[in-house]
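Student: I should like to learn how to read backbone geometry, strand pairing and pockets from a set of coordinates. May we work through an example?

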Amino acid sequence: MNTATSHQLFTAALDLMPGGVNSPVRAFKSVGGEPFFAKRAEGAYLIDVDGNRYVDYIGSWGPMIAGHAHPAVLEAVARTMRDGLSFGVPNALEVTMAQTVQRLVPSMQMMRMVNSGTEATLSAIRLARGATGRTLLVKFEGCYHGHGDSFLVKAGSGALTFGLPNSPGVPKALADLTLTLPYNDFEAATKLFDEVGSEIAGVIVEPIVGNANCILPRDGYLQHLRDLCTRHGAILIFDEVMTGFRVALGGAQSRYGVTPDLSTFGKIIGGGMPVGAYGGRADLMRQIAPSGPIYQAGTLSGNPVAMAAGLATLELIQAPGFHERLEANTHVLCDGLEAAARDAGIAVTTTRTCGMFGLYFTDRQVETFDDAMASDANAFKRFFHGMLKRGVYFAPSAFEAGFLSAAHGETEFAHTFEAAREAFREARAG
Ligand SMILES: *Cc1c(COP(=O)(O)O)cnc(C)c1O
């Protein structure tokens, strides 16, 4: 595979940007080697600057659920941009977007558009704190909520351990306000609430953990969190930046039948443009400026071109049977990968939901963060490079979920399984 142009670009980029990238995981640091530079993308494929084609199982980390460069999305963007890129006054697409989101996710009684998932989660916790007058925030080991200071807190060794920043630059005084819990542990959550429940402003959780690979909630776990929050007057925030519109039209909250007080969205809601959203209970959202005292704003929030891309994507995923097909395909992919691993004699387990999956080099059933951490990271590295050189791109980290789009089908799966049979053998042999 010729990657000369990517290599030249990356060499130049290393002097210009930290790690040569604008977002850390892209740098391939945890798998070794150098990233390729995209020239364009179509359907299930990324095409790099040297002309290599890759079956893409990341989909820009989630947004491209309809497939890359979908004509309907591109057309909506082109049509909208001819009227201007940004107005700084309200535009009709913002209303259409809010109506669409509310119809698909009924708990979103009121909402705000922002420009990224990070902005959405930061705004949601400010609201939770402002509305309750409390300061403590609860998050879960292995969950990622963007790069806000309060979220960059390492998992403590116990439920009551006060957090330590895992990033320099996060003041200890702030990190101390973030408590971490082990995901899927009923007892630990109960115990924490018994001890400090009256001081907890909010609980933020990825209802399906997609940032420690892919960990599904145990039966009743999300309802357990709901009950604890209700009992202790804390705000339950579902961070659906990844799961929203993906695991079901109504997100994980509809899939599991648990209603949060606030939700955050990103990725799919922008269809590939920089968009995030937060919202939920009207009585809470009315406390946001200018109708209330809790401040949050954005120069480009509700940008018309971004709204158009998001709306076109939300339109596509409402096609009858869209998620059913996506889910069936996710099983085809995961079953095929497990079969290829068995043929190669290497222990691999998968977790999967609709359009989202985890691949682990372990024989354990993965239900917790510790299970996920037991995956053999070196075997994953060899597998990753084995797939890449055969034109299949998985996330360059053993702890990121994989994504499918509606454009992935039999042709892509056949190619993937053929590559995987060899790559699993190489992964084992290392
Ligand atoms: C990606 C992600 C974020 C952060 O979104 P950005 O747009 O990258 O700021 C937050 N929460 C979850 C669950 C995510 O997957």
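Tutor: Certainly; note that this is a predicted model. We begin with the loop between α9 (282-285) and α10 (304-317), where Pro290 is found.

Student: What is the peptide bond from Ala289 to Pro290, cis or trans?

Tutor: One reads the omega angle. The bond from Ala289 to Pro290 has omega near 5 degrees and is cis.

Student: Which residue in the loop between β3 and α2 (71-81) should I examine for its phi?

Tutor: Ser60 lies in that loop, and its phi is positive, about 60 degrees, although Ser60 is not a glycine. With a relative accessible area of 42%, Ser60 is partly exposed. Trp61 is found in the loop between β3 and α2 as well; it is not a glycine either, and its phi is positive at about 70 degrees.

Student: In what order do the four strands of the open sheet run?

Tutor: One follows the pairing from strand to strand. The order is β1-β2-β3-β13, with mixed pairing. The edge strands, β1 (38-42) and β13 (392-393), each pair on one side only. Strand β3 (residues 53-56) pairs with β13 in the parallel sense over two bridges, and Val55 stands opposite Val392 in β13.

Student: What volume does the second largest pocket have, and which residues are closest to its centre?

Tutor: Its volume is about 450 Å³. Of its 21 lining residues, Glu94, Arg112, Gly298, Ser301 and Gly302 are the closest to the centre. The elements giving two or more residues to the lining are α3 (92-104) and β4 (110-114).

Student: How do the residues of this lining divide by character?

Tutor: The lining of the second largest pocket comprises 10 nonpolar, nine polar and two charged residues.

Methods. Residues numbered from 1 in each chain as written. Predicted model: local features only at pLDDT ≥ 70, side-chain atom pairs only at ≥ 80, totals over all residues. Heavy atoms only, no water. 1 Å grid on protein atoms, 1.4 Å probe; cavity = no way out; pocket = protein on both sides within 12 Å on 5 of 7 lines; lining within 4 Å. Points joined across faces, edges and corners; volume = space filled by probe spheres on them. Nonpolar A, V, L, I, M, F, W, Y, C, P; charged D, E, K, R; others polar. Pairing = 2+ DSSP bridges. Buried < 20%, exposed > 50% of the residue type's maximum accessible area, 1.4 Å probe, protein only.
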